[in-house]
Amino acid sequence: MVMTEPASRKVSKPPDEPAAAPATAPVPVEEMDLVKRARRGDLAAYDELVRRYQERIYATVYHMTANHEDANDLAQESFIKAFQALRSFKGGSSFYTWVYRIAVNKTINFLKQRKNRAQMSLDDLDFNAEHDPDLVALISEKTPRREVNLAELQEKLNAAMQKLSEPHRLVVTLHDVQGLSHEEIAKIMDCNIGTVRSRLFYARQQLQAYLSDYLK
Amino acid sequence: MNQDTENFEQLRRLLALKRHEQPPPGYFKHFSSQVILRIERGERGTLIDRLLWEAPWLQRIWAALETKPILAGVCGAAVCGLLVTGVICSDRADVSTVALVPATETESTPMALANMSVADHPLLAKPVLLEPSSTNPITPAQTDESLLGDIGKLRAQPASFSFLGGN
């Protein structure tokens with residue numbers, strides 16, 4: 001199975017744009033074949049589609065819920081729902097964007113129901129976190145946060161994220177964490193790019209206020 | 001926009017921390033197989049699920065009901081109200097069929113009804129049974145020979161008593 005490298009990763013991006021924007025990548029030709037086969041009930045083809053996007057879908061749901069168990073359930077249910085609804089997939093957008101939309105809608109509905117019992121169950125930081133140049137730079141600077149370890153910082157960051165409204169959290173997650181472009185986020189959230197930009201700006205302002213102790 | 005970008009640069013660096021949050025090792029090895037297993041177990045979608053996906057407006061209503069308990073309660077009450085109204089209306093319809101009795105008799109007083117014999121009452125009167133004869137090929141299909149048959153009919157009579165003799 002050939003995995004095509006998203007073209008957008010090779011293009012230099014403006015500073016505000018994240019490094020990777022996988023959803024804007026051209027749809028691999030074989031993806032539609034897989035979709036067609038899955039639509040006919042070929043579970044092996046659908047398995048391949050799930051494998052392609054499982055990490056990104058899980059990550060988005062996880063960053064929205066800050067809870068591994070919830071993210072696991074929601075990500076699985078999103079793929080199951082997508083399989084059930086494959087017949088309604090017209091191919092107007094990429095399968096990836098379409099699944100993303102399902103996952104996002106499912107997650108937002110879930111969060112509205114969960115509102116009063118938000119409980120974090122965070123994933124561990126991987127080994128590379130300690131060597132991430134951005135994070136090293138952030139922690140080594142002489143600010144009040146210098147004594148904060150990564151785990152604490154992670155918890156504070158997630159707590160601040162949870163204070164945002166769902167649409168604002170989603171924009172920050174998709175753009176600043178997942179690395180999607182404004183255009184792709186607009187497609188997923190079914191709104192215009194201006195709305196995405198304004199939500200992103202507001203969400204960042206809010207986060208900055210919540211995390212002022214850890215930022216310059 | 002550039003100034004904003006610079007202002008948020010620190011925040012963006014901090015947000016990069018979230019990219020390092022990873023599920024337990026080996027988690028994604030089994031993820032797709034779990035999804036496929038759940039699909040094979042029969043989660044291919046119920047009729048309602050399919051309907052919801054075929055009709056997006058229905059999906060929106062369902063989502064609104066799921067997330068707004070007050071709205072769900074109001075809808076539930078409305079459905080119950082409709083049900084009760086339906087039951088009441090059907091009862092009235094039954095009464096109106098009873099009212100098909102000739103006006104002279106429906107307007108009669110309870111006393112008159114009480115004095116009326118069972119056989120005279122239009123609702124309780126037995127149908128005229130045609131005697132089989134050589135000129136009448138039609139014979140009754142069945143005759144009500146059961147003793148309980150009359151009792152059942154008498155139960156339908158409106159309760160009304162009169163004491164002719166008095167004390």
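Select chain B to begin: this chain has nine helices and one strand. The model is a predicted one. Read from the N terminus, the elements of chain B follow the order α-α-β-α-α-α-α-α-α-α. Colour the chain by accessibility, and buried residues come to 20% of its 167 residues. The surface that chain B exposes is about 12600 Å², with carbon and sulfur atoms supplying 63% of it. If you draw the contacts between residues at least 6 apart in sequence, 35% of those in chain B join residues at least 24 apart.

Now switch to chain A. Chain A also consists of nine helices and one strand, and its order from the N terminus is α-α-α-α-β-α-α-α-α-α. Of the 216 residues in chain A, 53% are buried. Chain A exposes about 10100 Å², and 49% of that area comes from carbon and sulfur atoms. Among its contacts with a separation of 6 or more, residues 24 or more positions apart account for 69%.

**Stop 1: α2 and α4 of chain A**

Select residues 43–65, which form α2 of chain A, together with residues 95–114, which form α4. The two axes come within 10 Å of each other and cross at roughly 35°. The crossing of α2(A) past α4(A) is right-handed. Show side chains on both helices. On the α2(A) side, the contact includes Y46(A), L49(A), Y53(A), R56(A) and I57(A). Facing them from α4(A) are residues including F95(A), Y96(A), V99(A), Y100(A) and R114(A). By type, the residues of this contact divide into 14 nonpolar, three polar and two charged.

**Stop 2: α2 and α6 of chain A**

Keep α2(A) and add residues 150–163, which are helix α6 of chain A. How do the axes of α2(A) and α6(A) cross? They come within 8 Å and cross at roughly 80°, so α2(A) is roughly perpendicular to α6(A). In this contact Y62(A), H63(A), M64(A) and T65(A) of α2(A) meet Q154(A), M161(A) and Q162(A) of α6(A). The residues involved divide into three nonpolar, four polar and no charged. M64(A) and T65(A) are also among the α2(A) residues that meet α4(A).

**Stop 3: A66 of chain A**

Move to A66(A), in the loop between α2 and α3 (68–84) of chain A. Check its backbone: phi is positive, about 55°, although A66(A) is not a glycine. Is A66(A) buried or exposed? With a relative accessible area of 0%, A66(A) is buried.

**Stop 4: α8 of chain A and the residue after it**

Select residues 182–189, which are α8 of chain A. Why is α8(A) described as largely enclosed by the rest of the structure? Because six of its eight residues are buried. Those are H182(A), E184(A), I185(A), A186(A), I188(A) and M189(A). To see what covers them, add α4, α7 (166–177) and α9 of chain A, against which the buried residues of α8(A) pack.

End on D190(A), just after α8(A), where phi is again positive at about 55°. D190(A) sits in the loop between α8 and α9 (193–210) of chain A, and like A66(A) at the previous stop this residue is not a glycine. D190(A) counts as exposed because its relative accessibility is 69%, which is over the 50% cut-off.

How values were computed: Residues numbered from 1 in each chain as written. Chains lettered and ligands numbered in written order. Predicted model: local features only at pLDDT ≥ 70, side-chain atom pairs only at ≥ 80, totals over all residues. Heavy atoms only, no water. Helix = DSSP H or I, 4+ residues; strand = E, 2+ residues; numbered from the N terminus. Buried < 20%, exposed > 50% of the residue type's maximum accessible area, 1.4 Å probe, protein only. Contact = heavy atoms within 4.5 Å. Axes fitted to C-alpha atoms, helices over the stretch in contact; angles between N-to-C directions. Parallel < 35°, antiparallel > 145°, perpendicular 65-115°, else oblique. Nonpolar A, V, L, I, M, F, W, Y, C, P; charged D, E, K, R; others polar. Areas by Shrake-Rupley, 256 points an atom, 1.4 Å probe, with all protein chains shown as cover. Left-handed = near helix turned anticlockwise from the far one by under 90°.
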